[in-house]
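Hi there,

Here is the structure I promised to pass on. Have a look at it first, and then read on for my notes.

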Amino acid sequence: MAFISSLISVAEPSGVWISIIKAFEAVTNNYVLAVIFLTVVIRLAWGLVDLVTKFNTQRMSEINSKLQPELDIIKNKYQNQPNLLQQKQNELYKKHYGKSYYAGCLVTMLIMALNMFIFFTLFSGLNTMSSYKITANYDNIKYTYANCLNVANKYWEDENIELVDKQEVFKDYENLRFSIKTDENNKKSVILTYLNNEVETELYQIDYKDSFSETVNVEPSEENPEGTVVISTNENIIKLIDKYFPTYEEGEEEGSKEVIIGYQSVENEDGTEQKQPIYLSSVLSKALNKKIVEVYDQTKEKFLWIQNIWIADSPFNKSIISYDKLRSQVIKNYIQEGEETIYNAFMPGLKEERSKANGYFILLILIIVSSLLSVFITKYYNKRRRIKKGLPEPETKGKGQMSQIIIPVLFGFFALLYNSVFAIYMLIGQVVSCVLTVPQLMFVDWLYNKINSKKEKTGLDSVDYSRKF
């Protein structure tokens, strides 16, 4: 954007992940598609790394299955001596795994740590991007509103234009147009035009203001020897709003501060006609709201059923954020005084036109289902492999079961409470993992059998699984 609003507290993220996503976005011209392609690349590359984890897991699982009879003997013999039981189990593991047991655990832990690093750094980047996009999109609409109101104000105040002409233009607000154009020198202008018999006539044009703040001269004093006062952007925008949309205190007569630009006939319930005033504030509000809706439609970022990709996929979230939600996205000190007044000047009209439920928990459900499906595929494949090899099922009751529940719940938590872009990343990652799981396990199985076959031929496989205690 050309302007920098004081509302924005988060600079546009520029980390490694965000830079990579931007590179994909330059090709796809869509942020969500960029994230999807990045996710596929990450998961395909990670699939190679994950082969190491799966190989270690399969090796340990197979040895555990073969050791299960001895583990049962140890358990029965030392069931009343838990410390000794643990010691004997460790001795058995150490004897048959040797140093490879600890090496395998270390490699698995390093891979898990790397996986978590990727997950949380990407989460952090996309969460920061979400805050930036929400505040930047709001600022874009806010400055559009302020500049369009400003050009209407300049037109209304111009003494060279007949009052009756101004009144006729604003009464016919349906044919009133606001536009913002950029010339070859990247200079922006705000233009007020009027459409009459399909002929568009330019009524007024002013420079686009990136900031409405200004420094004014006042009488110097001891407290202010320089004799200058800075009027903030928000203060000047609120002055414009109050000029055309006055607020009324308790006891004041509604309409007493309004500018009347004409009258219209309204039919009463008894069939009689009554003249009612046409207020400048009413028609100007409708004309401005058309422009705000147009800008929102041009800049909103949606994907399939999700109306706003920077908000979670949930029917309890609206696609257009509330003021409280906006405040939660930025540091409190960066919000100027009067921001809520400005928000309430144009956002309610936009909400009435465009606000919808931002989703239906579809991403949440798909993420949990795909995560559980990946676990099921792995367990089913390993079970079939053990049956085929005639191996007993290792005693794993309670072991690893919690992680199989926690991980889908954790993914669901992130999908429910954070933006839809990150939820899409998690979903695509789980889908790719499901697709890769069987080919990975088949390759690991083949590689494991190949290595064991070589050991048997060279006489290196001399493990004795019949040791008694």
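Let me start with a question: does K54 count as buried or exposed? At 16% relative accessibility, K54 counts as buried, because the cut-off for that class is under 20%. Please keep in mind that this is a predicted model.

**Salt bridges**

There are 9 salt bridges in the structure. In one of them, K54 pairs with D50, with 2.6 Å from N to O. D50 is buried too, its relative accessible area being 16%. Both residues belong to helix α2 (residues 31-77), and because they are 4 residues apart there, about one helical turn separates them.

Helix α5 holds another pair: E168 and K171 sit 3 residues apart, about one turn of the helix. Their closest N and O atoms are 3.1 Å apart. Here the side chains are less hidden from view by class: E168 counts as partly exposed at 43% relative accessibility, and K171 is partly exposed at 30%.

K187 and D207 also form a salt bridge, with 3.6 Å between the closest N and O atoms. K187 is in the loop between β1 (176-182) and β2 (188-196), while D207 is in strand β3 (residues 199-207), so this pair ties together parts that are 20 residues apart in sequence. K187 is partly exposed, with a relative accessible area of 42%, and D207 counts as partly exposed at 43%. Elsewhere, D297, E353 and R354 are linked in a salt-bridge network.

**A buried lysine without a partner**

Do look at K166 in helix α5 (residues 163-171). K166 is buried but has no salt bridge, and the nearest side chain of opposite charge, D158, is 6.2 Å away. What does the K166 side chain reach at 2.5 Å? That is the backbone oxygen of W156. A polar atom of the K166 side chain also lies 2.8 Å from the backbone oxygen of D158.

**Surface patches**

E267, E269, D270 and E273 make up a negative patch on the surface. Of these, D270 is in the loop between β6 (260-267) and β7 (273-279), and it counts as exposed at 60% relative accessibility.

There is a nonpolar surface patch as well, formed by I406, L410, F413, L416 and L417, with about 420 Å² of accessible area together. L416 belongs to helix α11 (residues 401-417) and is partly exposed, at 36% relative accessible area.

**One last spot**

Q307, in the loop between α7 (280-299) and α8 (323-329), is buried at 11% relative accessible area. Q307 and A357 are 50 residues apart in sequence, yet their C-alpha atoms are 7.7 Å apart in space.

Best wishes

Key. Residues are numbered from 1 along each chain as its sequence is written. This is a predicted model: local features need pLDDT of at least 70, side-chain atom pairs count only at pLDDT 80 or more; totals for chains, interfaces and linings use all residues. Side-chain values use heavy atoms; hydrogens and water are left out. Patches are made of residues with over 30% relative accessible area and no salt bridge: like charges are joined within 9 Å, nonpolar side chains (Val, Leu, Ile, Met, Phe, Trp, Tyr) within 5 Å. Accessible areas come from the Shrake-Rupley method with a 1.4 Å probe; for residues, only the protein chains shown count as cover. A salt bridge is a side-chain nitrogen of Lys or Arg within 4 Å of a carboxyl oxygen of Asp or Glu. Lys and Arg count as positive and Asp and Glu as negative; His and the chain ends are not counted. The place of a charge is taken as NZ of Lys, CZ of Arg, CG of Asp or CD of Glu. Helices (H or I, at least four residues) and strands (E, at least two) are DSSP runs, numbered from the N terminus. Buried means under 20% relative accessible area, exposed over 50%, partly exposed in between (1.4 Å probe, protein chains only). A polar contact is a pair of N or O atoms within 3.5 Å; within protein, one must be able to donate a hydrogen and the other to accept it, and residues adjacent in sequence count only if both atoms are side-chain atoms.
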